[in-house]
Amino acid sequence: MRAGIAAGISTMLCAVAAPATAQSISSLAQQAAAGREEVEPPRAAPVRPPAEAVPMARIPVAAVTLYPGDVISAGMIAQREVSDAVLDRGGIALQSSAVVGKSARRVIAAGQPVPLNALVDVTLVTKGVATRIQLKDGGLAISGYGMPLDSGAAGATIRLKNMDSGQIIVGEVAGDGTVWVKTR
C-alpha cells in the first residue's frame, strides 16, 4: 500500500509542480526507447555587440622623468597611443618637434603626455653673465662683451650693458648664444 501511495504522491507532485512543457521521466524513457529522442542543439553564448572602436592618436610622452632645466632631446621622448578624450582636454604636445630642444619648466613624469605649459625655450643668455655681442652693418663688424640685463632664448630681444662704454644696448639672441646688436 505504501508503494501505491508513494506513486500517487509522485504523480501528483509532477502534475502540480511541473510546468506544462515539462515531461515526466517515464515519457522521456519511452521516447528514448522508441528512438524518438529530441535533443536540443546547444545554445550559443550571447553575442555581445562589438565595442565601438575608440579613436586613438600617437603623441609624444616623456620616456624618462624630466626635471626643471633639463633640455629635452629626442632620446628622452617616446610615442604612445592615447584616446581622443585625452586630446580633447588640450594643452599637450601633439608632435615631438614641439618638445625636442625645449627645456622642462617643472617635473614631467615618465610615460606622461608632455604639457605645453611645462616647456620653455632654452635660455641661451643669462642675466648677469657676460656674453659676446656683435654688430654688423654693411662692411663694419664690431664684437665685444656685454652684461645682459635680461635672460633670453634664441630669437629673444634683450637689453645689455656695453662693458666698455657703459651704455645700454639692445640685441637679439642668436642660436649660439651670441647677441647681435641692432642698429637704429
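**Figure 1. Lining of the largest pocket in the predicted model.** The residues of this lining divide into six nonpolar, four polar and one charged. This is a predicted model. The pocket has a volume of about 160 Å³. Its lining is made up of I133, Q134, L135, I142, S143, G144, Y145, N162, D164, I169 and V181. Two strands, β6 (131-137) and β7 (140-148), each supply at least two of the lining residues. The largest share comes from β7, with four residues.

**Figure 2. The largest nonpolar core.** In soluble globular proteins, nonpolar side chains tend to be buried together. The largest nonpolar core here holds 11 residues. They are A62, L66, I72, I77, A93, V99, A104, I108, V114, A118 and L119. Another core, of nine residues, lies apart from it. Among the nine are I133, L160, I169 and V181. I133, I169 and V181 also line the largest pocket.

**Figure 3. L66 and its contacts.** L66 is one of the residues of the largest nonpolar core. Residues up to four places away in sequence are not counted here. Beyond them, L66 touches I72, M76, A104, R106, V107 and I108. Of these partners, I72, A104 and I108 are also members of the largest core. The next view turns to V107, another partner of L66.

**Figure 4. V107, in a loop beside L66.** V107 lies in the loop between β3 (102-104) and β4 (119-121). Its relative accessibility is 46%, so V107 counts as partly exposed. Sequence neighbours up to four places away aside, V107 touches T65, L66, Y67 and P68. V107 and L66 are 41 residues apart in sequence. Their C-alpha atoms are 5.5 Å apart in space.

**Figure 5. E81 on strand β2.** E81 is found in β2, which covers residues 77-83. At 44% relative accessibility, E81 counts as partly exposed, because the value falls between the 20% limit for buried and the 50% limit for exposed. Leaving aside neighbours within four places in sequence, E81 is in contact with M56, A57 and R58. One of these partners, A57, is 24 residues from E81 along the chain. The C-alpha atoms of E81 and A57 are separated by 5.3 Å.

**Figure 6. T178, a buried loop residue.** T178 is found in the loop between β10 (168-173) and β11 (179-181). The relative accessible area of T178 is 9%. Buried means under 20%, so T178 is buried. T178 touches R132, Q134, E172 and V173, not counting residues up to four places away in sequence. Q134 also belongs to the lining of the largest pocket.

**Figure 7. S165, between β9 and β10.** S165 is found in the loop that joins β9 (157-162) to β10. S165 counts as partly exposed, with a relative accessibility of 45%. S165 and G146 are 19 residues apart in sequence. From C-alpha to C-alpha, S165 and G146 are 9.8 Å apart in space.

**Figure 8. The chain behind the close-ups.** The secondary structure comes to three helices and 11 strands. From the N terminus on, the elements run α-α-β-β-α-β-β-β-β-β-β-β-β-β. The chain has 184 residues, of which 23% count as buried. T178 is buried, whereas V107, E81 and S165 count as partly exposed. The accessible surface of the chain comes to about 12,900 Å². Carbon and sulfur atoms account for 57% of that surface. Among contacts between residues at least 6 apart in sequence, 44% join residues at least 24 apart.

Conventions:
Residues are numbered from 1 along each chain as its sequence is written. This is a predicted model: local features need pLDDT of at least 70, side-chain atom pairs count only at pLDDT 80 or more; totals for chains, interfaces and linings use all residues. Side-chain values use heavy atoms; hydrogens and water are left out. On a 1 Å grid over the protein atoms alone, a cavity is a set of points where a 1.4 Å probe fits but cannot get out, and a pocket is an open set with protein on both sides within 12 Å along at least five of seven lines; lining residues have an atom within 4 Å of a point. Grid points are joined across faces, edges and corners, and a volume is the space filled by probe spheres set on the points. Ala, Val, Leu, Ile, Met, Phe, Trp, Tyr, Cys and Pro count as nonpolar, Asp, Glu, Lys and Arg as charged, and the others, Gly among them, as polar. A nonpolar core is a set of buried Ala, Val, Leu, Ile, Met, Phe, Trp, Tyr and Cys residues joined through side-chain atoms within 4.5 Å. Buried means under 20% relative accessible area, exposed over 50%, partly exposed in between (1.4 Å probe, protein chains only). Contact means heavy atoms within 4.5 Å. Accessible areas come from the Shrake-Rupley method with a 1.4 Å probe; for residues, only the protein chains shown count as cover.
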